[in-house]
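Here are my notes on the model, in numbered points. Please keep the structure open as you read.

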Amino acid sequence: MEYERLPSIPELHRPYTAAADRYEHFGYRRVGESGLRLPPLSLGLWWNFGDNRPFDTQREILRHAFDHGINHFDLANNYGPPAGSAEENFGRMMLKDFKPYRNELVISSKAGYDMWPGPYGTFGSRKYLLASCEASLKKMNLDYVDIFYSHRFDPKTPLHETIGALDALVRQGKATYVGISSYSAERTAEAAAIAKDLGTPLVIHQPSYNILNPWVEHGLLQTLEKERMGTIAFTPLAQGLLTDKYLETTDVVRQGGRRSLEAQLTDENLAKIRNLNEVARKRGQSLAQMALAWLLREGAATSVLIGASSTKQLDENLGALENLDFSEAELAQIAKIAQGDAGIDWWRTSAIS
Ligand code: NAP
């Protein structure tokens with residue numbers, strides 16, 4: 001039997017009651033023309049919620065987020081490490097803290113990347129998607145997810161089968177809405193046509209999108225507008241590059257950052273983030289705040305999926321919402337500084353397939 005230690009953070013000793021003013025911080029944004037509305041900032045559990053991080057810190061971050069109006073938590077079958085542990089940890093938090101608030105929460109999961117060995121543990125077959133959703137529900141102690149995503153386009157499985165699997169999950173009551181992630185504009189249009197035919201609530205696309213990687217602006221956003229779908233941007237801070245973490249140092253390890261970033265800390269990228277930081281400073285924002293605000297400007301993302309390793313980061317990021325307006329001159333300056341390939345379009349291959 002698992003031995004439950006007493007929480008190390010004093011507040012966690014008390015049963016959780018969500019802050020009474022949690023819906024007074026910002027407005028919720030409509031996803032396309034659906035009934036789904038999301039907070040401007042949503043919280044992703046890709047990093048910092050696996051078994052390699054203290055459970056109490058995870059719990060503190062989630063409580064803090066919900067108390068401040070962030071009611072959308074994004075997961076996937078393979079988040080961890082190890083893969084699956086983020087859903088398991090989230091499932092424990094559901095039981096300990098969030099069960100009374102289930103109807104207020106928008107919880108998403110996904111399948112499409114490698115999860116278990118063999119042909120049915122990756123990509124977009126009906127067999128994988130149906131089985132994986134069932135497994136995710138069990139881990140998270142949920143009866144249904146609010147959004148279930150095809151995590152990436154599968155070039156070999158007919159798209160009709162993948163979207164048909166999402167449709168089946170909705171009809172089985174296991175998903176309320178469905179989405180696609182990292183699909184190109186062309187594949188998105190095809191997926192939307194199939195969904196329309198089947199009557200599937202395919203309402204949202206989750207692409208990578210940030211100042212240094214605005215690929216979605218060259219076709220995908222226009223397609224989503226046409227299909228009346230919403231956009232939730234992932235990796236908005238380029239995994240920490242668009243923050244003050246690397247303004248003075250490239251020591252990823254000392255900064256507690258992601259080793260995968262090392263290759264991106266080039267002189268060219270560092271010059272870009274220092275210049276962007278100057279623009280942010282003149283706006284009275286930190287670089288992270290400006291990067292998030294930029295994604296929430298008119299015509300860009302519906303919601304932005306942030307990651308956070310502390311409540312301090314969360315608070316700073318929430319501060320972005322105080323200034324979402326950009327002048328034409330600021331936008332032009334940001335585009336000029338950011339131009340060129342920063343080498344951070346890590347999901348490009350899935351998007352163009
Ligand atoms: P991100 O916002 O680009 O990076 C988050 C990281 O930036 C944090 O973990 C933290 O790094 C750092 N950070 C955040 N706020 C900061 C601040 N104010 N000051 C300094 N550093 C700060 O997002 P991401 O984690 O790459 O992705 C966010 C979510 O998007 C994921 O959790 C997941 O839900 C989703 N996602 C989806 C896909 C997909 O294929 N659909 C792919 C990737 C991500 P440290 O942890 O080092 O402190």
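1. In which loop is Pro81 found? This is a predicted model, and Pro81 lies in the loop that runs between strand S4 (72–74) and helix H2 (85–98). Pro82 has its place in the loop between S4 and H2 as well.

2. Look at the backbone here. Gly80 and Pro81 are joined by a cis peptide bond, with omega at about 0°. The bond from Pro81 to Pro82 is also cis, and its omega is near -10°. Most peptide bonds are trans. Both links therefore deserve a look against that background.

3. A second backbone point concerns Phe123. Its phi is near 60°, a positive value in a residue other than glycine. Most residues other than glycine have a negative phi. Phe123 sits in the loop between strand S5 (106–111) and helix H3 (126–140).

4. Now the ligand. Where does it sit? The ligand occupies the largest pocket. There are 30 residues around it, and the ones that come nearest are Asp74, Ser181, Gln239, Arg258 and Ser309.

5. What is the make-up of the shell by class? It has 15 polar residues, 10 nonpolar and 5 charged.

6. Which helix gives the largest share of the shell? H9 does, with 3 residues. Helix H9 spans 311–318, and strand S10 spans 303–306; each supplies at least two shell residues.

7. Three polar pairs can be checked by eye. For Thr235, a polar side-chain atom lies 3.1 Å from an oxygen atom of the ligand. For Lys245, an N or O atom in the side chain is 3.1 Å from a ligand oxygen atom. For Glu316, the partner is a nitrogen atom of the ligand, and a polar side-chain atom lies 3.3 Å from it.

8. How much of the ligand does the protein cover? On its own, the ligand has 920 Å² of accessible area, and the protein covers 97% of that.

9. Last, the annotation. UniProt, in an unreviewed entry, lists residues 41–338 as "domain: NADP-dependent oxidoreductase". Over residues 41–338, the model is 41% helix and 13% strand. The C-alpha atoms at the two ends of that stretch are 23 Å apart.

Note on methods:
Residues numbered from 1 in each chain as written. Predicted model: local features only at pLDDT ≥ 70, side-chain atom pairs only at ≥ 80, totals over all residues. Heavy atoms only, no water. Near = heavy atom within 4 Å. Polar contact = N/O pair within 3.5 Å; in protein donor to acceptor, adjacent residues only side chain to side chain. Areas by Shrake-Rupley, 256 points an atom, 1.4 Å probe, with all protein chains shown as cover. 1 Å grid on protein atoms, 1.4 Å probe; cavity = no way out; pocket = protein on both sides within 12 Å on 5 of 7 lines; lining within 4 Å. Sits in = over half its atoms within 2 Å of the grid points. Helix = DSSP H or I, 4+ residues; strand = E, 2+ residues; numbered from the N terminus. Nonpolar A, V, L, I, M, F, W, Y, C, P; charged D, E, K, R; others polar. UniProt positions renumbered as here; feature names shortened; annotations may be inferred.
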